[in-house]
Amino acid sequence: MSLNQAEPRKYFISKGIDQFFTDIYLTFRFVMRFFKELVKPPYEFQEIIRQCYYIGFKSLSLITLTGFITGLVFTKQSRPSLAEFGATSWLPSLVTIAIIKALAPLVTALIAAGRVGSNIGAELGSMKVTEQIDAMEVSAINPFKFLVVSRVVATTLMIPVLMAYTGFIGLLGSYLDVHANELTSFATFFEKAFEKISFLDIWSSIAKAVTYGFTIGVVGCYKGYNASQGTEGVGRAANSSVVLSMFLIFIEEVLIVQITNWIRVF
Amino acid sequence: MEKHNIQRDEAHRDIHIRGLFKSFGDNHVLRGVDLDVYKGENVVVLGRSGTGKSVLIKIISGLLKPDAGTVNVLGQDVDKLDNFSLRELRLKIGFSFQNSALYDSMTVRENLEFPLVRNKKNLKRRQVVEAVRTVLEGVGLLQTIDQMPSELSGGQKKRIGIARTLILQPEIMLYDEPTAGLDPITCIEINNLINTVQERYHTSSIIITHDLTCAKATGDRVAMLLDGQFLRQGSFEEVFSTPDERIESFYNYNFIQ
């Protein structure tokens with residue numbers, strides 16, 4: 001091969017725009033590879049369970065606190081407006097609609113993006129720059145399957161579970177406030193709470209949580225797996241995992257709400 | 001003088017590289033590298049930092065793809081293998097990384113068990129435990145079995161890294177800067193370990209280094225990589241008995257500075 005063949009690389013449009021489209025293409029390839037490796041045996045059940053434990057169980061304390069405060073504060077702030085019309089009896093259904101339809105999936109996803117997404121980005125990024133991923137590869141172990149597939153599956157499975165838990169804790173927080181002020185019983189609160197909730201609302205929230213979980217897992221793994229330039233690269237991978245996950249979660253929120261509304265109309 | 005009895009013919013050739021090119025953007029790292037490694041031979045690849053020494057062994061192990069040229073390892077063209085065949089080939093290649101690359105979330109025992117249990121699923125628990133103990137004894141670090149990598153010294157990490165590759169009983173060993181960042185005494189220990197591995201496991205090895213003491217202690221043959229090509233190959237004495245200023249300055253820097 002002649003060295004003259006290797007001409008200096010030219011950009012199609014500009015460095016930044018080329019990089020943007022290259023990133024989209026590489027992310028698409030990463031996601032396609034995930035699905036390919038997901039269905040191909042052997043399956044990493046043990047590692048998936050381990051990751052589910054870290055992602056799910058280890059997030060419980062933070063999720064409990066956030067969910068409880070969300071339900072409590074939302075109820076407290078909604079009461080004065082409803083009290084003006086003498087409609088405080090609507091509080092349970094109002095809070096439940098807000099929690100089930102929007103707050104539980106979104107709060108859970110944002111907390112998970114911060115805690116789990118950054119953790120995955122930093123962990124895989126650190127493994128990448130210290131050649132631990134290469135070490136797996138040369139030991140005839142498929143690092144993509146072991147590290148990426150297990151984590152993405154775990155986030156996709158655990159975010160819906162955490163969302164359900166956040167919803168329950170949020171409603172509990174709301175109930176305590178309603179009970180303290182209106183002396184509503186537990187049974188009455190939950191009977192009223194779910195009056196206005198349809199199956200479509202629940203399915204839409206589950207769809208949101210699954211999508212957010214998948215997004216957090218894929219973004220964290222992609223950023224970590226492709227980290228470079230030493231410790232600086234690890235920090236960048238962790239940071240951009242959180243920022244990009246949150247950005248995508250908000251876009252997905254808008255899209256899923258819009259799709260749900262279309263389904264509701266039909 | 002050659003340390004091992006090497007038969008240099010086609011039948012005993014483990015690695016055969018011809019016309020190897022590799023570039024990263026405008027940086028032409030390897031520019032037509034030719035190299036043969038024979039059974040039981042320790043070949044040292046010498047060169048300054050950034051001359052493509054590590055790139056060479058990453059191409060041999062299939063971690064990087066060459067731009068041009070052929071890389072034949074144990075009779076198979078590495079860049080033409082499918083994933084399954086490459087995985088099978090990698091079981092016969094041990095790779096010792098410059099920074100050891102131990103899995104820092106696992107203990108020493110788990111680091112060693114990990115490649116074994118995942119690649120040899122028919123092994124019984126007792127056999128796995130025995131294999132781990134044997135390789136750890138071989139590198140003299142059985143006492144570290146339950147320690148985390150963060151608790152080990154640099155030299156210990158290197159030895160555990162070598163032990164982790166040995167657990168799969170490879171036919172070829174690739175060492176990336178085995179003595180980098182170590183004190184002189186530990187360097188001697190690592191050099192001795194490389195020779196012990198060769199004698200005990202009958203491996204063929206490529207040792208990437210810029211440390212001439214390591215090259216002299218371990219190499220049956222030395223190849224000097226400069227500007228992306230092998231400038232000289234032969235015994236340590238042959239390579240450095242030259243008026244070529246570039247090689248002379250490399251020698252002087254190592255032994256005088």
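1. A friendly place to begin is one residue pair in chain B of this predicted model: B:I17 has B:V71 of β4(B) standing opposite. The two strands behind that pair are β1 (residues 13-24) and β4 (residues 68-73) of chain B, joined in the antiparallel sense over five bridges. Further along, B:F21 also faces a residue of β4(B), namely B:A68. On the β2(B) side, the bridge partner of B:F21 is B:R31, so you may like to use B:F21 as a landmark when you look at how β1(B) sits with β4(B) and with β2(B).

2. Which strands make up the sheet around these pairs, and in what order? There are four of them, arranged β2-β1-β4-β5 in chain B as an open sheet with antiparallel pairing. Its edges are formed by β2 (27-38) and β5 (76-77) of chain B, each of which pairs on one side only. Nine bridges hold β1(B) and β2(B) together, again in the antiparallel sense. These two strands form a hairpin with two residues between them. In that turn, B:G25 has a positive phi of about 65°.

3. Chain B has another open sheet, this one of six strands in the order β6-β7-β8-β3-β9-β10, and its pairing is mixed. Because β6 and β10 (229-234) of chain B stand at the edges with a single partner strand each, one side of each is left without a neighbour in the sheet. From one strand to the next, the twist averages 15°. For a parallel pair inside this sheet, take β3 (residues 42-46) and β9 (residues 221-226) of chain B, which are joined by four bridges. There, B:V44 stands opposite B:V222 in β9(B).

4. A helix belongs in the picture of the six-stranded sheet as well. Helix α6 (residues 184-201) of chain B lies across β3, β7 (172-176) and β8 (204-209) of chain B. Relative to β8(B), helix α6 of chain B runs at about 165°.

5. How do helices α3 and α5 of chain B meet? The axes of α3 (residues 108-119) and α5 (residues 154-166) of chain B come within 8 Å and cross at roughly 25°. Angles under 35 degrees count as roughly parallel, which is why α3(B) is described as roughly parallel to α5(B). The crossing of α3(B) past α5(B) is right-handed. From α3(B), the contact is made by B:V108, B:N111, B:L112 and B:P115, while α5(B) brings B:I160, B:A163 and B:R164. Sorted by class, the contact of these helices has five nonpolar residues, one polar and one charged.

6. Now for the contact between the chains, which takes 22 residues from chain B and 15 residues from chain A. On the chain B side, at least two residues each come from β1, β2, α2 (83-90), β6 (93-96) and α3. The largest share of that side, three residues, is supplied by α3(B). By class, the side of chain B that touches chain A has ten nonpolar, six polar and six charged residues. Several elements from the earlier points return here: β1 and β2 belong to the four-stranded sheet, and β6 is an edge strand of the six-stranded one.

7. What does chain A contain in the way of helices and strands? The count is nine helices and zero strands. The C-alpha atoms of chain A fill a box of roughly 85 × 40 × 35 Å along the principal axes.

8. Two backbone details in chain A are worth a look in your viewer. The peptide bond from A:P41 to A:P42 is cis, with omega near 0°. A:P42 is found in the loop between α1 (15-39) and α2 (45-56) of chain A. The other detail is A:L183, a residue other than glycine whose phi is positive, near 55°. A:L183 lies in the loop between α6 (143-182) and α7 (186-193) of chain A.

9. Finally, a word on confidence. The model scores ipTM 0.88 and pTM 0.86. Chain B averages a pLDDT of 89, and 96% of its residues score at least 70. Where pLDDT is low, the predicted coordinates should not be read in detail.

Terms used. Residues are numbered from 1 along each chain as its sequence is written. Chains are lettered from A and ligands numbered from 1 in the order in which they are written. This is a predicted model: local features need pLDDT of at least 70, side-chain atom pairs count only at pLDDT 80 or more; totals for chains, interfaces and linings use all residues. pLDDT is the predictor's confidence in each residue, from 0 to 100. Axes are lines fitted to C-alpha atoms, for helices over the stretch in contact, and angles run from 0 to 180 degrees between N-to-C directions. Angles under 35 degrees count as roughly parallel, over 145 as roughly antiparallel, 65 to 115 as roughly perpendicular and the rest as oblique. A crossing is left-handed if the near helix is turned anticlockwise from the far one by less than a right angle, and right-handed if clockwise. Two residues are in contact if their C-beta atoms, placed from the backbone, lie within 7 Å. Ala, Val, Leu, Ile, Met, Phe, Trp, Tyr, Cys and Pro count as nonpolar, Asp, Glu, Lys and Arg as charged, and the others, Gly among them, as polar.
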